[in-house]
Amino acid sequence: MPFANIKLPQAALSKAQKEDLIHRTTAMFVDFFGEGVRPTTMVLVEEVADGGYGRADEVFVIPEAYRAKE
């Protein structure tokens, strides 16, 4: 069973964009492994709350301009 776990900043993508990401990720696995994996492919999109991630000792908060509009 192919499995993708994608972590994104909270509100970075709209619901429609997350659905598209799931469909495209599933299609990618099907391209690699064949149609037989479609029914068992799992794509998990996790949203990480502002301040819950960082890099190089910098805590990230997504700017309002980059938040998805539903």
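This passage looks at the salt bridges and the aromatic pairs of the structure. The model is a predicted one, and the residue numbers count from 1 along the chain.

A good place to start is with the charged side chains. Side chains of opposite charge can pair when their charged atoms come close. In this model, six salt bridges are found. One of them joins lysine 7 to glutamate 46, with 2.7 Å between the closest N and O atoms. This contact brings together distant parts of the chain, since lysine 7 belongs to strand S1 (residues 3-9) and glutamate 46 to strand S2 (residues 42-48), 39 residues apart. The two partners can also be described by their accessibility: lysine 7 is exposed, at a relative accessible area of 54%, while glutamate 46 is partly exposed, at 28%.

A further salt bridge is formed by glutamate 35 and arginine 38, with an N to O distance of 2.5 Å. Glutamate 35 is partly exposed, with a relative accessible area of 48%. Arginine 38 is partly exposed as well, with a value of 38%.

Arginine 67 and aspartate 50 also meet through their side chains, in a salt bridge of 2.3 Å from N to O. Here, too, distant parts of the chain are linked: arginine 67 lies in the segment after strand S4 (58-59), and aspartate 50 in the loop between S2 and strand S3 (54-55), with 17 residues from one to the other. Aspartate 50 is partly exposed, at 29% relative accessibility. The bridge is part of a wider arrangement, as salt bridges with shared partners connect Asp50, Glu64 and Arg67 in one network.

The aromatic side chains come next. A pair of aromatic rings is described by the distance of the centres and the angle of the planes. The structure has three aromatic pairs. Among them is the stacked pair of phenylalanine 29 and phenylalanine 33, whose centres are 6.3 Å apart and whose planes differ by 25°. It counts as stacked because the angle is under 30 degrees. Both residues sit in helix H1 (residues 15-33), and because they are four residues apart, about one helical turn separates them. Their surroundings can be told apart by accessibility: phenylalanine 29 is buried, at 13%, whereas phenylalanine 33 is exposed, at 56%.

Phenylalanine 33 also pairs with phenylalanine 32, this time in a tilted arrangement with 6.4 Å between the centres and 45° between the planes. Phenylalanine 32 is exposed, with 63% relative accessibility. Taken together, ring pairs join Phe29, Phe32 and Phe33 in a cluster.

Conventions
Predicted model: local features only at pLDDT ≥ 70, side-chain atom pairs only at ≥ 80, totals over all residues. Heavy atoms only, no water. Salt bridge = Lys/Arg side-chain N within 4 Å of Asp/Glu carboxyl O. Helix = DSSP H or I, 4+ residues; strand = E, 2+ residues; numbered from the N terminus. Buried < 20%, exposed > 50% of the residue type's maximum accessible area, 1.4 Å probe, protein only. Phe/Tyr/Trp six-rings, centres within 6.5 Å; stacked < 30°, edge-to-face > 60°.
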